[in-house]
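Colleague: I should like to go through the aromatic rings of this model and the reasons for the terms applied to them. May I put some questions to you?

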Amino acid sequence: MKQAIPVEADHPPSLRRRLFSSNRRARRKTIHLPDHATRVLQALVLGTICLFALILSVGAITQLACFLIDGVIYRFGLPLQLTTQPFGAGHLLSFQRIALTASMPPPDSFALTLHAIFTGGIFFMSWAARSRPWRSGLQMLCVVHGITLLMCALPGAQLPFDLAQHTRTLADLSVILLLSTPLVLASGYYIVERSWLNRIAATTLILIYQISALPLKLLVHALLVTQLSSATIPLLFFAAGPALDVLLLSALYGWVITWKMPDDKDVSAT
Amino acid sequence: MIDISFSAWLFLSLALGLLLIPLGPAVRQWQTPRNAPPVQFDPPGPQWDADATDAMTRTRENFANLIAMSEKDGVIRGAHTDGTAFMVLSSKEHLAAHLPPSARRLRMQVISARHLDIPGELVCDRLVFAAARLVVAHHAILKHALAGREAVIGSAARIRRWLRAESRIDAAEGAMLIGCASAGQEIVLSRRCRFEKMLAPVIRFGRAESPRASVQPERLMPMQVPANTYTPGDGRWISEGDLSVPPGHSVNARLVVGGSLLVGTGARLAGDVHVMGDLIVHHDATLSGAIICDGDMRIGECCRIQGPVRVSGQLSSGSQSIFGSPAQASTVIAREMRLQEGCVAHGAIWAQRRGEVIPETGARQS
């Protein structure tokens, strides 16, 4: 801050006037933002820009996914049909809700028995798992699948969901995850990471992964359901649905935050 | 089940692989043996025996006048403002003379102007202070004890919280120093003594029946990097499985061992060591760096361990092994410790669950 110059009594009027205006400028405080505040602002701006860009392009993204799914179904002769349902037509956020269907019979008793034996085997073998999280997770999935098998085995019973609902839900959740990615990155990564190149590269990588994974994920789920049976829908949803998406994104995020610029100091202790 | 073509199966496998690509870096990190963390211990110092040191200072200050008065009056009895009773004995008085014959429990503080003898089988619930020498007879149980000079703990006597002696602590066979015991010069434990935390420039665990000097080979061969070990180029050797240092060899690197580490007779390790399995050190070996062992650590006779040492499991040592040095005190922490007679430590020892001095066996420990 510029130092104020004292005005003396014997200064001529012209000098006094100049000193008064100069001192008034000096008295105005200059605001310097601390480094962390600057980064928070940058994070907010970048996050907002990314979010708006995604909102405007999510329609195109789902169209691209539909195009890819159609292409794969045709190329490999998969027994699947693609259906779409518009969402938010005419609004800022509008996209296609994607679903995959297949004409397949309900699971027969042989398939259910096979599933039950397999599930029971996994449940008992899981007691040998040394790690409690793995053991509990496996057993929980076995219980979920067991309940579904029971429901299918009841005479006259029908599962309250089908492949189309399953894939539509997965697609919707993937879109929500895609749109929340800028917010997640802005609340952490953009603040911590100083390099603009790293920020942009990491964001691009994560978004490209999510966009390219969407059609693949739906196709994989649909094919697995057609091969295993519709009774595996709840199991696939719990084991390989949103939880797996979050895990994969966390793994990707965990990798991008380890990126360093060449001039970054190595602060590891060993 | 709907039949699909082979190419569809191929696509399914490929799609699964592509979807799981982000797990690659995480899996690689998971499989890489963890680095040896920077070894930082609380240096042996006032932190561990802060209570005892504070109590020593406060007792001296609070009772200075009363101690001086007791030389004239003999015994002074009183109580603190919180109601805790105390008794101040002059240098000529004995505690036993002022206790009822059937007294088995003493619920007052005892301050002695000079020597203090605690009778056998007496349980003292409050602070016991001797300006000079404190002698605790057999089977007595003390909670807090301070000695201005030395403390002698009798057979099977027990200190439950802390014990502080300005010069020396001598514990007879079967004594138990639970809590923290600290001395200004030396702590000597006899066989079958039990201990937890100890802090002194020299801590002797019994005396070896047949002492011998450590045998060091005249020349040590530098060990070559083994096949199952990779070197990232920063002075570390990272081994995913077990590692064995042959007898008479030296290693100048920092070792990170995913399995167990065996250090041969007379070998020398100059760097830090992080072992995720068990660490077995044969006799006459020297380990100069910090040691972190996630399993059990077994040390042979006449080894030199500079430390600091942190063992998650049990630490057992053969006779005449030395931890730390007079010039550089060390810290040794283990869940359980079994040290044979003849071992010496310089600095701080902490057996988190149980520490014991084992009688020396006749055969050489391997």
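Colleague: What sits over the ring of B:Trp350?

Modeller: In this predicted model, the charged end of B:Lys197 takes that place, 4.4 Å from the ring centre of B:Trp350. The distance limit for a charge over a ring is 6 Å, and 4.4 Å satisfies it. In chain A, the charged end of A:Arg199 sits over the ring of A:Trp196, 4.7 Å from its centre.

Colleague: How many aromatic pairs does a search of the whole structure find?

Modeller: The search gives ten over all chains. One of them joins A:Tyr189 and A:Tyr253, with 6.0 Å centre to centre and 75° between the planes.

Colleague: Why is the pair of A:Tyr189 and A:Tyr253 called edge-to-face?

Modeller: Centres must lie within 6.5 Å and planes over 60 degrees apart; with 6.0 Å and 75°, the pair is therefore edge-to-face.

Colleague: What makes this pair a tie between separate parts of chain A?

Modeller: A:Tyr189 belongs to helix 6 (residues 189-192) and A:Tyr253 to helix 9 (residues 242-256), so the pair ties together parts 64 residues apart in sequence.

Colleague: Why is A:Tyr189 called buried, and A:Tyr253 partly exposed?

Modeller: Buried means under 20% relative accessible area, and exposed over 50%. A:Tyr189 has 2%, so the residue is buried; A:Tyr253 has 26%, which lies in between, so the residue is partly exposed.

Colleague: How is the pair of A:Trp255 and A:Trp259 arranged?

Modeller: The two rings are edge-to-face, 5.3 Å centre to centre with 85° between the planes. A:Trp255 is partly exposed at 34% relative accessible area, and A:Trp259 is partly exposed at 22%.

Notes. Residues numbered from 1 in each chain as written. Chains lettered and ligands numbered in written order. Predicted model: local features only at pLDDT ≥ 70, side-chain atom pairs only at ≥ 80, totals over all residues. Heavy atoms only, no water. Phe/Tyr/Trp six-rings, centres within 6.5 Å; stacked < 30°, edge-to-face > 60°. Helix = DSSP H or I, 4+ residues; strand = E, 2+ residues; numbered from the N terminus. Buried < 20%, exposed > 50% of the residue type's maximum accessible area, 1.4 Å probe, protein only. Lys NZ or Arg CZ within 6 Å of the ring centre and 35° of its normal.
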